[in-house]
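Here are my notes on the model, as numbered points. Please read them with the structure open.

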Amino acid sequence: MKTPREAHPAPHPRNARSRPVKPERPRIALALAGGGPLGAIYEIGALCALADSLEGLDLNHCDHYIGVSAGGFIVAGLANGMTPRQLCEAFIEDRQGADHFDPAWLLKPAWAEFGSRLQRLPGLLGSALWAWGVQGKDFTNAFERLGAALPTGLLDNEGIHQQIERLFSQPGRTNDFRRLRARLTLVATQLDTGEAAPFGKAGWDHVPISRAIQASAALPGLFPPVEIDGQHYVDGALKKTLHATVALDEGAGLLLCLNPLVPFRAHAVGEQTDHIPSLVEGGFPAVMSQTFRSMIHSRLELGMKNYERLYPGSDIVLIEPDQRDAKLFTANTFSYRQRREIAEHAYQQTRKMLRERQVELTPKLARHGVTLNTAALTNADLHLVKEPSVPAQTAMGRQLHATLDDLQRQLGTPALGR
């Protein structure tokens with residue numbers, strides 16, 4: 001996707017002076033992996049659980065934030081002063097307002113990309129016919145060049161930049177890496193070299209945060225590559241899952257990592273999960289989802305082992321879903337009702353994980369002045385979202401939600417053989 005070179009944003013009104021002085025040695029870092037809308041919902045729920053359960057840690061005052069793909073949107077919000085609860089209201093709650101960000105905006109077809117590729121078709125077809133009919137090349141080889149007429153992405157990702165730019169233009173926020181109090185690194189992959197592009201680091205920080213998020217989330221095949229300063233960028237997860245070394249190399253003492261996508265154990269039955277006998281019953285989407293999850297998770301496991309070996313002075317905590325959790329694997333992230341259910345589920349499952357790992361986590365966190373709030377972890381009345389009161393909904397609204405939920409159950413249940 002071709003976009004003009006971004007002009008340097010004007011200084012943020014809150015910061016009249018030059019670039020703020022940043023800590024020489026970051027102490028606490030937060031790294032979030034990608035995972036699309038589902039990943040963002042899980043991470044918001046998990047972060048809200050951490051905010052309610054950890055004392056001595058302010059998620060808006062970490063020293064370094066690292067984000068890949070959807071995780072980039074979340075950490076950029078935190079670095080901009082948005083609390084996990086505010087992110088929940090903006091991304092999950094169906095409330096109209098200045099902070100509203102609806103994942104359904106991502107479903108707009110990439111018409112500009114389609115048109116650009118279609119314009120190339122006559123020339124490519126003529127070239128293929130010439131190579132086959134005149135030059136005598138093999139038919140298959142001659143017509144392979146028609147592949148250049150296929151779009152590089154199906155959905156338009158320009159809305160990601162536009163909506164996040166609007167979100168970070170609100171008072172007290174900034175779309176400029178250089179105006180942030182803390183370090184923020186958003187990682188994409190440079191398409192022509194395959195190398196990581198750490199937007200936010202020196203030499204990369206002139207790019208608007210919103211454009212860096214768009215580039216980091218440009219999953220090949222789904223979204224077109226993003227052009228920035230004459231180079232094209234795609235999803236940062238192509239290179240690494242977390243890119244946590246960005247913070248560890250700068251001396252982070254405590255690194256909290258959130259990874260929303262794990263391979264699903266279909267034959268295992270966990271607490272509050274559904275038993276799915278075989279993923280093949282879900283067809284192509286289920287098979288591809290499991291394949292993608294398995295690939296990125298195996299790479300993450302290897303990376304975590306290397307982190308522990310190469311950075312023995314740093315404490316690293318990885319938070320991710322239970323691999324037996326069918327609710328997260330089968331979720332429909334474009335359903336408003338289910339988005340709220342997933343966020344609440346992630347919130348409660350993260351609290352459960354903290355209780356189960358309390359013995360392991362307590363000494364790690366204590367070394368950095370962070371403690372587990374036992375009272376909060378055992379409080380059964382704590383929730384992330386609440387169902388809207390019945391009087392607040394119109395009769396038509398209640399009927400619409402019920403109809404959509406029934407339709408979703410009818411379409412989703414047979415597909416996975418439940």
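1. Start with a term. A residue counts as buried when its relative accessible area is under 20%. C48 has a relative accessibility of 0%, so C48 is buried. C62 stands at 1%, and therefore C62 is buried as well.

2. Now the status of the coordinates. This is a predicted model. The average pLDDT of the chain is 83. A score of at least 70 is reached by 81% of the residues. Two stretches call for care. In residues 1-19 the pLDDT is below 50. That stretch still has 35 contacts in the model beyond near neighbours in sequence. Residues 407-418 also have a pLDDT below 50. Their contacts beyond near neighbours in sequence number 20 in the model.

3. Next, the overall make-up. The chain has 418 residues, and 51% of them count as buried. Its secondary structure consists of 14 helices and 10 strands. Take the contacts between residues at least 6 apart in sequence: 77% of these join residues at least 24 apart.

4. How many disulfides does the structure hold? The count is 0. For C48, the nearest cysteine sulfur belongs to C88, 5.4 Å away. A disulfide needs the two sulfur atoms within 2.5 Å. C48 is thus in no disulfide. C48 and C88 do appear again in the next point, among the residues where two helices meet.

5. Consider helix α1, residues 36-53, against α3. Their axes come within 8 Å and cross at roughly 150°. Angles over 145 degrees count as roughly antiparallel, so α1 is roughly antiparallel to α3. The crossing is left-handed. On the α1 side, the meeting residues are P37, A40, I41, I44, L47, C48, A51 and D52. On the α3 side they are P84, R85, L87, C88 and F91.

6. Helix α3, residues 84-91, also packs against α2. Here the axes come within 10 Å, and the crossing angle is roughly 130°. That value makes the pair oblique, because it falls in none of the parallel, antiparallel or perpendicular ranges. This crossing is right-handed. F73, I74, G77 and L78 of α2 meet P84, L87 and F91 of α3. P84, L87 and F91 are also listed among the α3 residues that meet α1.

7. Is helix α2 mostly covered or mostly open? α2 spans residues 70-79 and is mostly covered, with 10 of its 10 residues buried. Among them are the four that meet α3: F73, I74, G77 and L78. The buried set also includes A70, G71, G72, V75, A76 and A79.

8. Look at both ends of α2. Ahead of α2, S69 sits in the loop that links β3 (64-68) to the helix. S69 is not a glycine, yet its phi is positive, near 55°. At 7% relative accessibility, S69 is buried. After α2 comes G81, with a positive phi near 95°.

9. A second non-glycine residue deserves a check of its backbone. H243 has a positive phi, near 60°. Its place is the loop between β7 (231-234) and α8 (245-248). H243 has a relative accessible area of 4% and is therefore buried.

10. Helix α7 covers residues 209-216 and is mostly covered, with 8 of its 8 residues buried. The buried residues are I209, S210, R211, A212, I213, Q214, A215 and S216. Note that R211 and Q214 are on that list.

11. Last, A197. What is its setting? A197 lies in strand β5, residues 196-199. Its relative accessible area is 0%, so A197 is buried. Beyond neighbours within four places in sequence, A197 is in contact with L186, V187, A188, W204 and Y233. A215, one of the buried residues of α7, is 18 residues from A197 in sequence. The C-alpha atoms of A197 and A215 are 9.6 Å apart.

Notes:
Residues numbered from 1 in each chain as written. Predicted model: local features only at pLDDT ≥ 70, side-chain atom pairs only at ≥ 80, totals over all residues. Heavy atoms only, no water. Buried < 20%, exposed > 50% of the residue type's maximum accessible area, 1.4 Å probe, protein only. pLDDT = per-residue confidence, 0-100. Contact = heavy atoms within 4.5 Å. Axes fitted to C-alpha atoms, helices over the stretch in contact; angles between N-to-C directions. Parallel < 35°, antiparallel > 145°, perpendicular 65-115°, else oblique. Left-handed = near helix turned anticlockwise from the far one by under 90°.
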